[in-house]
Amino acid sequence: MTQDDMKKAAAEAALDYIDFEMIVGVGTGSTANHFIDALARVKGKIDGAVASSVATAERLKKHNIPVLDLNDVGQLAIYVDGADEATKHLHLIKGGGGALTREKIVVGASEKFICIADYTKLVPVLGKFPLPVEVIPMARSFVGRQLVKLGGQPALRTGFTTDNGNLILDVSGLEILNPLELETLINQIPGVVTVGLFAHRPADVLILGSETGTQVYTA
Ligand code: 5RP
């Protein structure tokens, strides 16, 4: 079984949480893509989807799943997305695909966050995966210096602009023992749009695909 097969298994398992007349928030990345493909099979059941990126909106539209503007809908029942790292406390690092800001917005508007991943994403402590931080372009150097003061080594994601026209700094060298505190500290740096730590709003359910089936962790 490949890592991609395990991502697919987790994505398929998330279909159990989809109910009639739901508006579904949809994340970004290869695992979220598997979920979109699975969602297409039950599209008659749902009222539509809110996308966390341009790429996700395009994939949903290809499946003829109605893509709704977040401004035109109320609270979403559910948000389904992958992660780059996850702990058993359901704290996450996200943003490997650069969609962290819109992902955090759609999560914030959703009642339940179902995180789907393969088991290799489960870690005891967050931080081995470089932490993505979306920054306003003119603040890049300033924010970089502040991140160094917090113990990180920021690197500009080259040749990449977010859907919001901003840059990503990928911060390595962090051992994130207190994700709640670090999320607050980084979000307070002027010029930071969002940090890819999802601790203040963790997942509610974590579904991990593995060779022996799917494991489900809940808050
Ligand atoms: C995109 C994300 C993704 O959920 C994360 O990068 C995981 O990606 P994949 O499902 O391809 O492993 O946060 O911004």
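Start by selecting helix α2, residues 30-39, and colour its buried residues: Thr31, Ala32, His34, Phe35, Ile36, Ala38 and Leu39. Buried means under 20% relative accessible area, exposed means over 50%, and partly exposed lies in between, with a 1.4 Å probe and protein chains only. Helices (H or I, at least four residues) and strands (E, at least two) are DSSP runs, numbered from the N terminus.

The model is predicted, so local features need pLDDT of at least 70 and side-chain atom pairs count only at pLDDT 80 or more, while totals for chains, interfaces and linings use all residues. Residues are numbered from 1 along each chain as its sequence is written, and side-chain values use heavy atoms, with hydrogens and water left out.

**Around α2**

Keep α2 selected. The helix is mostly covered, with 7 of its 10 residues buried. Now show what covers those buried residues: the cover includes α1 (3-13), β1, α3, β3 and β6. Contact here means heavy atoms within 4.5 Å.

Add β1 (23-26) and β3 (76-81) to the view; α2 lies across these two strands and β6, running at about 155° to β1. For such angles, axes are lines fitted to C-alpha atoms, for helices over the stretch in contact, and the angles run from 0 to 180 degrees between N-to-C directions. Next select α3, residues 54-62, which lies across β1 and β2 at about 160° to β2.

**The sheet**

Hide the helices and show the strands. In which order do the 6 strands of the open sheet stand? The order is β2-β1-β3-β6-β12-β13, and the pairing is mixed. Two strands pair if DSSP finds at least two bridges between them. Because β2 (48-51) and β13 (213-218) stand at the edges with a single partner strand each, one side of each is left without a neighbour in the sheet. From one strand to the next, the twist averages 20°.

**Strand β12 and its partners**

Select β12, residues 205-210. How many of its 6 residues are buried? The count is 6 of 6. Val205, Ile207 and Gly209 point one way from the strand, and Leu206, Leu208 and Ser210 point the other way.

Add β6, residues 110-118: this strand runs parallel to β12 and is joined to it by 5 bridges. Two residues of the pairing can be picked out here: Ile116 has Ile207 as its bridge partner, and Ile114 stands opposite Val205.

Then add β13, which runs antiparallel to β12 and is joined to it by 6 bridges. Val205 stands opposite Thr218 in this strand. The hairpin that joins β12 to β13 passes through 2 residues.

**Thr120**

Select Thr120, in the loop between β6 and β7 (131-135). Thr120 counts as partly exposed because its relative accessibility is 42%. Show Gln3 too: a polar contact of 3.2 Å joins the two side chains. A polar contact is a pair of N or O atoms within 3.5 Å; within protein, one must be able to donate a hydrogen and the other to accept it, and residues adjacent in sequence count only if both atoms are side-chain atoms.

**Phe198**

Finish at Phe198. The charged end of Lys94 sits over its ring, 5.8 Å from the centre. Lys104 also lies over the face of Phe198, at 5.1 Å from the ring centre. A charge sits over a ring if NZ of Lys or CZ of Arg is within 6 Å of the ring centre and within 35 degrees of the ring normal.
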